[in-house]
Amino acid sequence: FPYTTLFRSERCYGFPLDLTQDALRPRGIGVDTDAFNAAMEKQKAEARSAWKGSGDAATETLWFEIREETGASEFLGYDTEIAEGEIRAIVKGAKRARSLAKGEEGALVVNQTPFYGESGGQVGDGGLIKGPKGALFRVTDTQKKLGDLMVHLGEVEAGSFKPGDAVELIVDHTRRTATRANHSATHLLHEALRQVLGTHVAQKGSLVAPDRLRFDFSHTKPMSAGEIEKVEALTNAIVLQNSAVETRLMALEDAMQSGAMALFGEKYGEEVRVVDRKSTRLNSSHER
């Protein structure tokens, strides 16, 4: 059985080698485990090399070690704002810790989470993580490390936490709702700018937060007062339509052919979330 297929199943889809072997054994098909292991080690080395230089070396190594030990964090935030999970690692002061107690600041890595990690200009979620015996961790920010490792930053307000603890994760609904509104407004603003200034307008950067948004774009000259008024009026008109929104999972190629727009700062996989409204397409969102 080709090691390249095994490697893709393991690294891209999280399907472990041993289950692949179990599935193939009754059919009399073997696997090239030596080539698979060699490809895995090569990929890890290349990933470390690509990441090198982007921050503190010790901290980078720490996140790689945690990612290789725990695997990717499963993101549940498109379907729910409350979920259960298990703590897989704790970081305190840029080092692994066996526990985190009341009054201590640190980071919790959980196997699955509804918390959105900062990416593509959108800030991370805040909220609460509840643990055994009344333990409470207030999440002030959520960061995404190495592309798919969700790291919950904050402080323990009651009790203590340790790896292996079963926890309940609760996203701050008010903060998430406000951030979501500004995310949608970013895409509406982009469409309005394209209609007023021309289809050459492309997003070059952004900030999406609960209290504000910022949209960076390129244009040949400063906007006039009249152009700004037209963009504002068009954006507000679309908002006031209060059109129904439809969310679909599509193959990336199909989404692009249907008219979805890939945006600056977004990283897409083979399957993407496409958000549509009746009269104007909003965006092709982050792949999960």
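**View 1. Gln143 on strand E8 reaches several residues elsewhere in the chain.** Leaving aside neighbours within four places in sequence, Gln143 is in contact with Gly117, Glu118, Leu149, Met150, Val151 and Leu153. Contact means heavy atoms within 4.5 Å. Gln143 sits in strand E8, which spans residues 136-145. Strands (E, at least two residues) and helices (H or I, at least four) are DSSP runs, numbered from the N terminus. The C-alpha atoms of Gln143 and Tyr116 are separated by 8.0 Å. Along the chain these two are 27 residues apart.

This is a predicted model, in which local features need pLDDT of at least 70 and side-chain atom pairs count only at pLDDT 80 or more, while totals for chains, interfaces and linings use all residues. Residues are numbered from 1 along each chain as its sequence is written, and side-chain values use heavy atoms, with hydrogens and water left out.

**View 2. The whole protein chain holds 7 helices and 16 strands.** The protein chain has 288 residues, and 38% of them are buried. Buried means under 20% relative accessible area, exposed over 50%, and partly exposed in between (1.4 Å probe, protein chains only). Take the contacts in the protein chain with a separation of 6 or more. Residues 24 or more positions apart account for 63% of them.

**View 3. The largest nonpolar core has 16 residues.** A nonpolar core is a set of buried Ala, Val, Leu, Ile, Met, Phe, Trp, Tyr and Cys residues joined through side-chain atoms within 4.5 Å. Ile87, Ile90, Leu108, Ile129, Phe137, Phe161 and Val167 have the most contacts inside this core. The elements that give two or more residues to it are strands E2 (82-92), E5 (105-110), E8 (136-145) and E11 (166-171). E11 supplies the largest share, 3 residues. Apart from this core lies another, of 9 residues. Trp63, Val91, Ala107 and Leu149 are among its members. In soluble globular proteins, nonpolar side chains tend to be buried together.

**View 4. Ile129 and Leu128 each have contacts beyond their sequence neighbours.** Which residues does Ile129 contact, leaving aside its neighbours within four places in sequence? They are Leu108, Ala135, Leu136, Phe137, Val139, His152, Phe161, Val167, Glu168 and Leu169. Leu128 lies in strand E7, which covers residues 127-130. Leu128 is partly exposed, with a relative accessible area of 22%. Not counting residues up to four places away in sequence, Leu128 touches Phe115, Leu136, Phe137, Arg138, Glu168, Leu169 and Ile170. Leu128 and Asp172 are 44 residues apart in sequence. Their C-alpha atoms are 7.4 Å apart in space.

**View 5. Two residues other than glycine have positive phi values, Lys133 and Leu146.** Phi of Lys133 is near 55 degrees. Lys133 is placed in the loop between strands E7 and E8. Is Lys133 buried or exposed? Lys133 is exposed, at 88% relative accessible area. Phi of Leu146 is also near 55 degrees. Leu146 is found in the loop between E8 and strand E9 (149-158). Leu146 counts as partly exposed, at 21% relative accessibility.

**View 6. Gly164 touches Glu86 and Ile87.** Residues up to four places away in sequence are not counted here. Gly164 lies in the loop between strand E10 (160-161) and E11. It is partly exposed, with a relative accessible area of 46%. Gly164 and Gly85 are 79 residues apart in sequence. In space they are 9.5 Å apart, C-alpha to C-alpha.

**View 7. Helices H5 and H6 pack at an angle of about 135 degrees.** H5 comprises residues 173-197 and H6 residues 225-241, with their axes 9 Å apart. Axes are lines fitted to C-alpha atoms, for helices over the stretch in contact, and angles run from 0 to 180 degrees between N-to-C directions. The angle makes H5 oblique to H6. Angles under 35 degrees count as roughly parallel, over 145 as roughly antiparallel, 65 to 115 as roughly perpendicular and the rest as oblique. H5 contributes Leu188, Leu189, Ala192, Leu193, Gln195, Val196 and Leu197 to the contact. H6 contributes Glu227, Lys230, Val231, Leu234, Thr235, Ile238 and Val239.
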